[in-house]
Number of protein chains: 2
Amino acid sequence: MKRRGVLAVVSGFSGAGKGTLMKNLLNQYDNYALSISMTTRLPREGEENGREYFFVSKEIFEEKVQQDGLVEYACYCDNYYGTPREYVESQMAMGKDVLLEIEIQGALKVKEKFPEALLLFVMPPSAKELENRLTGRGTESADVVAKRLCRAVVEAQGIENYDYIVINDDLEVCTQELHSIIRTAHRSVGRNEEFIENMRQELNVLVKGEK
Amino acid sequence: MKRRGVLAVVSGFSGAGKGTLMKNLLNQYDNYALSISMTTRLPREGEENGREYFFVSKEIFEEKVQQDGLVEYACYCDNYYGTPREYVESQMAMGKDVLLEIEIQGALKVKEKFPEALLLFVMPPSAKELENRLTGRGTESADVVAKRLCRAVVEAQGIENYDYIVINDDLEVCTQELHSIIRTAHRSVGRNEEFIENMRQELNVLVKGEK
């Protein structure tokens, strides 16, 4: 039997670099699988079913909700977005560490259903640096930047619900750190109950055999 | 101000390789300091005060106990052994991750006084391998090996009190894993309250400045 994977929930301010970090982990290591959301919104130009999202009808989405087939879901701008439970479960069963990029409300719902999930919060080294990155993209209006900073203020209230923070200063260093935190979770006593129990039994046999 | 170091308590079966792991960490990285025990037993040939142990008289030891100057202590074969608090505290204050090799009773006492201490348990890959290593040393009689295995049975009862297990199969891999677990502790939300609070304040200033 393969060791069960870790469910790593990744949140963080917009502009902290979550997306690139996920991509780095997936490219550099083979122990990861990226959770893909299900949505009722229509695919955009270039998006593929099963890559960016699983695109489904409202009826199918609501059926999934009824069947408890989503780890969490929410409604934005009249469209549903959710995390299919089956994909997460099956990847973990195959030993993959599942990366789930999601905002705090969703993260807390995931933690309810998977108490052993690892909650990670990605942060820039400073608020000023966050502003620079948001402005530096050049694609966002001052208004959008201001909105994202406001959103960061709200999100920062919830950081105590997370297990670890990851500071994204140097992207490569941060990727390694994130990887290291997730691999460390595999060594927790709670995740090794079977190994520990086997060791106890083996030791007992040895000691009795020697008496 | 330097970030406070982590107190890493390392336990494990005799023969699991704790000593070599500690030595490796100290040799390969500069973030570690090894806690040195205080004892009332006499120095053996080649032992140096302040290297293997701090050698003190019974009076001085008992004075330390009275002053709450020891994180934990115990009595074996009419001699006291204990962990001086001052060294642990000062090294952590200087940002060093302090390694404390100690058996389970001591580890639990340390956890009482330092609830944020990281409790690590080193194990061989299997009980059979433990026996091989104990026998393979060639220096121990069958009687001593049997005693050590009995002791392992008792110690294995307490593993659930630890945070992580580290399986020492390949020494180099295990050293890196131990290092990685200890460095990960630095990223816990609890150890970064100040950073998180600063971030919140900076974000608030930015957002107010932009309104």
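**Exercise 1. How many residues does each chain bring to the contact?**

Step 1: Contact here means heavy atoms within 4.5 Å. Step 2: By that rule, 41 residues come from chain B and 41 residues from chain A.

A word on the model: it is predicted, local features need pLDDT of at least 70, side-chain atom pairs count only at pLDDT 80 or more, and totals for chains, interfaces and linings use all residues. Residues are numbered from 1 along each chain as its sequence is written, chains are lettered from A in the order in which they are written, and side-chain values use heavy atoms, leaving out hydrogens and water.

**Exercise 2. What area is buried between chain B and chain A?**

Step 1: Buried area is the accessible area (1.4 Å probe) that two parts lose on being put together, summed over both. Step 2: Between chain B and chain A this comes to about 3900 Å², with carbon and sulfur atoms giving 68%. Step 3: On the chain B side, R187(B), V189(B) and R200(B) lose the most area to chain A, together 17% of what that side buries.

**Exercise 3. How many salt bridges are there between chain B and chain A?**

Step 1: Look for a side-chain nitrogen of Lys or Arg within 4 Å of a carboxyl oxygen of Asp or Glu. Step 2: The count is four salt bridges. Step 3: For R200(B) and E160(A), which form a salt bridge, the closest N and O atoms are 2.6 Å apart.

**Exercise 4. Which helix gives the largest share of the side of chain B that touches chain A?**

Step 1: Helices are DSSP runs (H or I, at least four residues), numbered from the N terminus. Step 2: Candidates include α7 (171-185) and α8 (193-210) of chain B, which each supply at least two residues. Step 3: The largest share, 10 residues, comes from α8(B).
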